[in-house]
Amino acid sequence: MENIFTLVFIIVNVIGFLVMGLDKRRAVKQMWRIPEKTLWLIAFFYGSGRNDFRL
């Protein structure tokens, strides 16, 4: 059971990390971005809201 929680934790953090990276790529290309509310919800619930994508 512990392994399942670890796996879910890793998967949702990877998803959050990828969404943040996608938003940063869109910002650099001056394209439509993911709403900030969505990014905050991902960071709050999934824990991946770090500043790994700095300009």
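Two residues are taken to be in contact when heavy atoms of one lie within 4.5 Å of heavy atoms of the other. With that meaning in hand, the overall make-up of this predicted model can be described: among the contacts between residues at least 6 apart in sequence, 53% join residues that are at least 24 apart. The protein contains 2 helices and 0 strands, and of its 55 residues 16% are buried. Its accessible surface comes to about 4900 Å², and carbon and sulfur atoms account for 65% of that area.

Helix H1 was examined for its length and for the residues it hides from the surface. The 27 residues of H1 should span 39 Å at 1.5 Å a residue, and this agrees with the end C-alpha atoms, which are 39 Å apart. The buried residues of H1 are Asn 13, Gly 16, Met 20, Gly 21 and Asp 23. In general, an α-helix has 3.6 residues a turn, so residues three or four places apart point the same way. On the surface of the protein, Phe 9, Ile 10, Val 14, Phe 17 and Leu 18 form a nonpolar patch, and together these residues have about 480 Å² of accessible area. One member of the patch, Val 14, is found in helix H1 and has a relative accessibility of 43%, so Val 14 counts as partly exposed, a class that lies between the limits of 20% and 50%.

Asp 23 is also placed in helix H1, and several features of the model come together at this residue. Its relative accessibility is 5%, and because buried means under 20%, Asp 23 counts as buried. A search of the whole structure finds 1 salt bridge, and the side chains of Asp 23 and Arg 33 meet in a salt bridge with an N to O distance of 2.7 Å. Since Asp 23 lies in helix H1 and Arg 33 in the loop between H1 and H2, the pair ties together parts that are 10 residues apart in sequence. Arg 33, with a relative accessible area of 40%, is partly exposed, whereas Asp 23 is buried. In addition, a polar atom of the Asp 23 side chain lies 3.1 Å from the backbone nitrogen of Ile 34. When residues up to four places away in sequence are not counted, Asp 23 touches Arg 33, Ile 34 and Leu 39.

The loop between helix H1 (2-28) and helix H2 (36-46) also contains Gln 30, whose backbone deserves a separate remark. Most residues other than glycine have a negative phi. Gln 30, however, has a positive phi of about 55° although it is not a glycine, and this residue comes just after H1. The relative accessible area of Gln 30 is 75%, and because exposed means over 50%, Gln 30 is classed as exposed.

A final comparison concerns a pair of residues that are separated along the chain. Leu 41 is found in helix H2 and, with a relative accessible area of 42%, is partly exposed. Gly 16, by contrast, is among the buried residues of H1. Leu 41 and Gly 16 are 25 residues apart in sequence, and their C-alpha atoms are 9.7 Å apart in space.

Key:
Residues are numbered from 1 along each chain as its sequence is written. This is a predicted model: local features need pLDDT of at least 70, side-chain atom pairs count only at pLDDT 80 or more; totals for chains, interfaces and linings use all residues. Side-chain values use heavy atoms; hydrogens and water are left out. Helices (H or I, at least four residues) and strands (E, at least two) are DSSP runs, numbered from the N terminus. Buried means under 20% relative accessible area, exposed over 50%, partly exposed in between (1.4 Å probe, protein chains only). Patches are made of residues with over 30% relative accessible area and no salt bridge: like charges are joined within 9 Å, nonpolar side chains (Val, Leu, Ile, Met, Phe, Trp, Tyr) within 5 Å. Accessible areas come from the Shrake-Rupley method with a 1.4 Å probe; for residues, only the protein chains shown count as cover. A salt bridge is a side-chain nitrogen of Lys or Arg within 4 Å of a carboxyl oxygen of Asp or Glu. The expected span of a helix is 1.5 Å times one less than its number of residues. A polar contact is a pair of N or O atoms within 3.5 Å; within protein, one must be able to donate a hydrogen and the other to accept it, and residues adjacent in sequence count only if both atoms are side-chain atoms.
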